[in-house]
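Student: I should like a close look at one part of this protein, taken from its strands through to its internal space. Please describe what is found there, and how far the model may be relied upon.

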Amino acid sequence: MSESDQPGLSADALIDQMFTLWIVPHIEASNLDITRDQVVQALVVLHPNGAPEVKLNEQAELLATVQVRDAVASGEPVTAENVENVSGIRPAKIEPDAGWIAFAFLPGGGGAVAFDFRYNRDRAIELLKRASEFISTARETLAAGRLGPTVETALAAGELAVTAMTSLQNVTHKGRNSHGARQAWLNNYTHLGNGPQDWYKTMRRLLTARPFARYGDPEGSPLPSESELADYLDHVDSLIQHAAQYAADHDAPAS
């Protein structure tokens, strides 16, 4: 994600926040003999558990996607003088569980700032693999006419996708039985326009049908019909694909 995805933010404002929140406190705590003007690039690593890690100048190893002014021969280094525009930056090395924010200035003026506030990506990817297995099983049980197991496995698939997304945001729901917390998160997520509200409506319907589907509880909601379940499986599958795209590795564009 980059500043360009958030129209209300500017590159200058993001860099100012980096100095206020992390860089200046780091300089003061470390007794570094350096001024703001001497900081030409910086990387703040945001660990899911623990204090942010601040790296300045040569310690902030960044990769950049650039447009060069003139052709550079194969094997020749690309220097700042060759660079006309920076279209993307990202850390050269970053733990998959950590978020980050970085900026870099060019000697001749200009530069880039980018960030990725996703955490726990390895864990999220594992959860999504399991979600894909569950949705496949749900389709198999629906084809066999076993509606109860279809409800149970479809609900599990959707909840795994939601858990993957909350993990990426470093949001923890205590206990594996936190169905209500996951439902509330998804309801808020879709109401904010991040996805269709059919995701929440589907998960809500599957959860209310679960007591009857799993235990035959007469006080639970009746089972959905086969046609309804077919639609629900499509919505859950869409939720899983959305979560997978959210967790996918991709270059962060610069601003």
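Tutor: In this predicted model, strand β5 and strand β6 (residues 111-116) pair in the antiparallel sense, and six bridges connect them. One of the pairs can be located by residue: A104 has A112 as its bridge partner in β6. Strand β5 is also joined to strand β1, which covers residues 41-46; these two run antiparallel as well, with six bridges between them. Here the bridge partner of A42 is F103 in β5. Strand β5 itself spans residues 99-105, and six of its seven residues are buried, so the strand is largely enclosed by the rest of the structure. The cut-off behind that statement is a relative accessible area under 20%.

A second buried site is found in a helix. Residue Q183 belongs to helix α4, which runs from residue 179 to 191. With a relative accessible area of 4%, Q183 counts as buried because the value falls under 20%. Once neighbours within four places in sequence are set aside, the contacts of Q183 are L155, Y200, M203, R204 and L207.

Q183 also leads to the internal space of the model. Searching the whole structure for cavities of 30 Å³ or more yields one. The largest cavity holds about 30 Å³ of space. Its lining consists of E159, V162, R182, Q183, L186 and M203. Two elements, α3 (147-168) and α4, each give two or more residues to this lining. Helix α4 gives the most, with three residues. By character, the lining of the largest cavity comprises three nonpolar residues, one polar residue and two charged residues. M203 therefore appears twice in this account: as a contact of Q183 and, because it has an atom within 4 Å of a cavity point, as a member of the lining.

As to reliance on the model, the mean pLDDT of the protein is 87, and 84% of its residues reach 70 or more. Residues 1-6 have a pLDDT below 50, although this stretch has 15 contacts in the model beyond near neighbours in sequence. Where pLDDT is low, the predicted coordinates should not be read in detail.

Terms used. Residues are numbered from 1 along each chain as its sequence is written. This is a predicted model: local features need pLDDT of at least 70, side-chain atom pairs count only at pLDDT 80 or more; totals for chains, interfaces and linings use all residues. Side-chain values use heavy atoms; hydrogens and water are left out. Helices (H or I, at least four residues) and strands (E, at least two) are DSSP runs, numbered from the N terminus. Buried means under 20% relative accessible area, exposed over 50%, partly exposed in between (1.4 Å probe, protein chains only). Contact means heavy atoms within 4.5 Å. Two strands pair if DSSP finds at least two bridges between them. On a 1 Å grid over the protein atoms alone, a cavity is a set of points where a 1.4 Å probe fits but cannot get out, and a pocket is an open set with protein on both sides within 12 Å along at least five of seven lines; lining residues have an atom within 4 Å of a point. Grid points are joined across faces, edges and corners, and a volume is the space filled by probe spheres set on the points. Ala, Val, Leu, Ile, Met, Phe, Trp, Tyr, Cys and Pro count as nonpolar, Asp, Glu, Lys and Arg as charged, and the others, Gly among them, as polar. pLDDT is the predictor's confidence in each residue, from 0 to 100.
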